[in-house]
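Visitor: I would like to go through the charged side chains of this model and hear how each label is earned.

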Amino acid sequence: MLRHSSSPIYTALARLTKLNSNRSNRLLLQSRKTSRAKTTPLLILLILVVVVTVVFLFPAIMSSSTSATSSPAAVPFENPRPVVKKLLSEAQSEGQGATVRRSIGRHELRNLDPFLMLDEFSVSKPAGFPDHPHRGFETVTYMLDGAFTHQDFSGHKGTIRTGDVQWMTAGRGIVHSEMPASDGLQKGLQLWINLAAKDKMIEPRYQELQSKDIARASQDGVEVRIIAGEAFGVRSPVYTRTPTMYMDFTMRPGSQLHQPIPAGWNAFVYIIEGEGAFGREKAAPTTAHHCLVLGAEGDGLSVWNRSGAPLRFALAAGQPLKEPVVQHGPFVMNTRAEIQQAMEDYYHGRNGFEKAKQWSSA
């Protein structure tokens, strides 16, 4: 038997194997170096991507994930405004065969500077509010359901429907009518806002918003329609000569709201539907048709809906004018002499009422 170690063939094979092995080792080493050279830029690029993600995207993700909990809807105030007066609106006759539920404007709450009156109206044809004058303030009509047609002695005419708003500045004088525009029960809110002495004799003007144009926002189970002012970072386009915020909130069961109110402004809530705890979490729930006056001190309005049904309410707040208020029906001025003057101007058709005698609504 031949020994492999001494065989020339096996010796040559061994040398060839060793040569190939050395060559393979060199090629493998070279391949590894080449692989490392190719891999290094990819690793650097991957590291850069990770760094950019951590530095720029992670804070944005964290911010967006915490925005709901840091919003006014979710973060309780240290010092919410308390409820200092609770008033159930009472039904009374108004206009021609119409019925309203009045809260502000009754003897229990004559006014809440700058607010003069709040009516929740429910009207069906042929009842309504035929031709009547105004001077010295603004009326804000917000339709909850149905439609109302308005026309005045200057030729302005229009119909507002569910969710629409008409913000009318009567100024020095206007005569107008407000009547149901469709069959069935027409429901809405009308808020009267006082004007400062310097603005009581300005020319009349209108701001009318259709429902689709009213600013909206929602957070944490709370939806708001912003008639005037700002909520959840969204601002209404309505100009308020007397600084005012006016909003329509709907809260789902289990939700809570913490809405800031400017310091020094007077504020109230009117509950449209449902019930909720206002001012403090353990407060007894307040039901529909109540008007709640908020205290002057505190950060804003806090509300909790602990019921099993939605809660809907209006929030209004305004900067007090701190001026004398003398009111006689549809005229609101600063002195009795000015009221007397308004009545004479209306009767004689002058100083803003020139068209009163020749005009009547259709």
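Guide: Arg81 sits in the loop that runs between α1 (8-70) and β1 (83-88), where helices (H or I, at least four residues) and strands (E, at least two) are DSSP runs numbered from the N terminus. The model is a predicted one, in which local features need pLDDT of at least 70 and side-chain atom pairs pLDDT 80 or more, while totals for chains, interfaces and linings use all residues. Residues are numbered from 1 along each chain as its sequence is written, and side-chain values use heavy atoms, with hydrogens and water left out.

Visitor: How do you know that Arg81 has no salt bridge?

Guide: A salt bridge needs a side-chain nitrogen of Lys or Arg within 4 Å of a carboxyl oxygen of Asp or Glu. The nearest side chain of opposite charge to the buried Arg81 is Glu297, 7.9 Å away, so the pair does not meet that cut-off. A polar atom of the Arg81 side chain does lie 3.1 Å from the backbone oxygen of Pro262.

Visitor: Why is Asp199 called buried, and what is Lys198 called?

Guide: Buried means under 20% relative accessible area, exposed over 50%, and partly exposed in between (1.4 Å probe, protein chains only). Asp199 has 7% and therefore counts as buried, whereas Lys198, at 69%, is exposed. Their side chains meet in a salt bridge (3.1 Å, N to O).

Visitor: What makes Arg312 and Asp248 a salt bridge?

Guide: Their N to O distance is 2.7 Å, so the pair satisfies the salt-bridge rule. Arg312 in strand β24 (residues 311-318) and Asp248 in strand β17 (residues 244-251) are 64 residues apart, and both are buried.

Methods. Lys, Arg positive; Asp, Glu negative; His and termini not counted. Polar contact = N/O pair within 3.5 Å; in protein donor to acceptor, adjacent residues only side chain to side chain.
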